[in-house]
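User: I am new to this structure and would like to go through some of its features in turn. Please show it first.

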Amino acid sequence: MSDVTKTVQRWHASFKKATDFDSWGQLVEAIDEYQILARQLQKEVQSTNSHDLTEEQKKTLGKFATCLEMRSAALQNTPSQDDFKLEDLKKLEPIIRNILTYNKDFPFDVQPVPLRKILAPGEEENLEVEEESDAGTGAGSTPSFTSRVPGTLLPRLPSEPGMTLLTLTIEKIGLKDAGQCIDPYITLSVKDVNGIDLNPVQDTPVATQKEDTYVHFSVDVEIQKHLEKLPKGAAIFFEFKHYKPKKRFTSTKCFAFMEMDEIKPGPIVIELYKKPTDFKRKKLNLLTKKPLFLHLHQTLHKD
C-alpha cells in the first residue's frame, strides 16, 4: 500500500471518529477531532511535497477543511438555522474516502480555508518548540499566513424583568514581557463544566497601550446571557493572545477564568495560568509566581 493511500485512510478514519463523537453527543471530543483533521488537511494543501496530489485535489481538501471548521464552530456556539449540520458533513464522507479518484463538483458552495495556521488543541506548544529549533538551525522557510483580525465585541442584550446582565471591563493584564507582545488581544468565552460554549465567543480589539509590566485594554465586554440562565459550574474564560512573527500565527500566551461565585459588582483581579487553555479546569498551572494578574471591573445591570 502506498504512502498516499495510507494517509487517505488515516484521514477517513479520523473523519469517521469525529462524526461518531458528534452523533453520540460527545461534543468536546468531536470538536477536537474536527480541528485536528482540518489542521492535517491544511498542512497537506500548503505542502510543496504533498504526496503528488493534483491542484484540484488540494482545492477539494481545502474546502473539506472549511466544512470541518464550520461544523466545529456550530458545535461551539448557540445553534442557529444557518449552522453546518452533521447530516451535511456526512455527505462528504465519499470525498475524503475517495479523494484520489474524486472528480465531481464539491457539493457545498464554500471556499478553501484561508492560508493560515489552524491550531488544534495543544498544538501551539509543539509549534513553539519547532520555532526554537528552527531559530537554532536556520532550517526551513515559513509560508506567509494571514493572521486573524480581532475585535468582535457584541452589544448588551435587552433587559428582562428580574434578570441580571453583566458587563466586564477588561482593564489591564500584568505580564513580565508586556512590552514585547505584538498585537495583543483577549478572547472571552463562557463555558459549562464540560468546556462547551454557552455564549458566542468575543475578541477584544488589539490593545494599543503597553507600559512596564502591563498591557492596557480598558474595554467593556457584554456577557451574552442573563446570569440567571447560566448553568451551575459555568465559568468565564479570558485567553490572552499575541502575534508571533517568526511562525506567523497568533498564539495564546496564558489564560484566566472567573467562576460564578466571583461575580459581584466592583473590581476583581484573577490569576493567570499557563496554556493550553483548560476549559474543564482540571489541570491548572500558574503562569508565574510573581504577582501578575488580569484586572477586571464588574458592573451588574438588573431591571
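User: Does Asp-183 count as buried, partly exposed or exposed, and what is its relative accessibility? Which is it of these?

Analyst: The model is a predicted one. Buried means under 20% relative accessible area and exposed means over 50%, with partly exposed in between. Asp-183 therefore counts as partly exposed, its relative accessibility being 43%.

User: Where is Asp-183 found, and what is its phi?

Analyst: Asp-183 belongs to strand S2. Although Asp-183 is not a glycine, its phi is positive, at about 45°.

User: Ser-218 also has a positive phi. Is Ser-218 buried or exposed?

Analyst: Ser-218 lies in strand S5, which spans residues 214–222. Its phi is near 50°, a positive value in a residue other than glycine. The cut-off for exposed is over 50% relative accessible area. Ser-218 has 60%, so the answer is exposed.

User: With which strand does S2 pair over eight bridges, and in which sense, parallel or antiparallel?

Analyst: Strands of a sheet pair through backbone hydrogen bonds, either parallel or antiparallel. Strand S2 covers residues 182–191, and its eight bridges lead to S6. Lys-191 stands opposite Ala-235 in S6. The sense of the pairing between S2 and S6 is antiparallel.

User: Which strand is joined to S6 by ten bridges?

Analyst: One bridge pairs His-242 with Ser-251, and Ser-251 is in S7. S7 comprises residues 249–259 and runs antiparallel to S6. The strand joined to S6 by ten bridges is S7.

User: How many of the residues of S6 are buried?

Analyst: S6 runs from residue 235 to 244 and is mostly covered. Ala-235, Phe-237, Glu-239, Lys-241 and Tyr-243 point one way from the strand, and all are buried. Ile-236, Phe-238, Phe-240, His-242 and Lys-244 point the other way, and these are buried too. The number of buried residues in S6 is ten of ten.

User: Which are the edge strands of the open sheet of five strands?

Analyst: The order in this open sheet is S4-S5-S1-S10-S8, with antiparallel pairing. Its twist averages 25° from one strand to the next. An edge strand pairs on one side only, and this holds for S4 (209–211) and S8 (266–271).

User: What is the bridge partner of Thr-164 in S10?

Analyst: Strand S1 (residues 164–174) and strand S10 (residues 293–302) run antiparallel and are joined by nine bridges. In S10, the partner of Thr-164 is Lys-302.

User: Which peptide bond is cis, with omega near 0°?

Analyst: The loop between strand S9 (273–274) and S10 holds Pro-276. The cis bond leads to this proline, from Lys-275 to Pro-276.

User: Helices H1 and H2 pack at an angle. How are H1 and H2 oriented to each other?

Analyst: H1 takes in residues 3–24 and H2 residues 27–46, with their axes 8 Å apart. The angle between them is about 155°, and angles over 145 degrees count as roughly antiparallel. H1 and H2 are therefore roughly antiparallel.

User: What is the handedness of the crossing of H1 and H2, and how do the residues of the contact divide?

Analyst: The crossing is left-handed. On H1 the contact includes Trp-11, Phe-15 and Phe-21, and on H2 it includes Tyr-34, Leu-37 and Leu-41. The contact residues divide into nine nonpolar, three polar and five charged.

Methods
Residues numbered from 1 in each chain as written. Predicted model: local features only at pLDDT ≥ 70, side-chain atom pairs only at ≥ 80, totals over all residues. Heavy atoms only, no water. Axes fitted to C-alpha atoms, helices over the stretch in contact; angles between N-to-C directions. Helix = DSSP H or I, 4+ residues; strand = E, 2+ residues; numbered from the N terminus. Parallel < 35°, antiparallel > 145°, perpendicular 65-115°, else oblique. Left-handed = near helix turned anticlockwise from the far one by under 90°. Contact = heavy atoms within 4.5 Å. Nonpolar A, V, L, I, M, F, W, Y, C, P; charged D, E, K, R; others polar. Buried < 20%, exposed > 50% of the residue type's maximum accessible area, 1.4 Å probe, protein only. Pairing = 2+ DSSP bridges.
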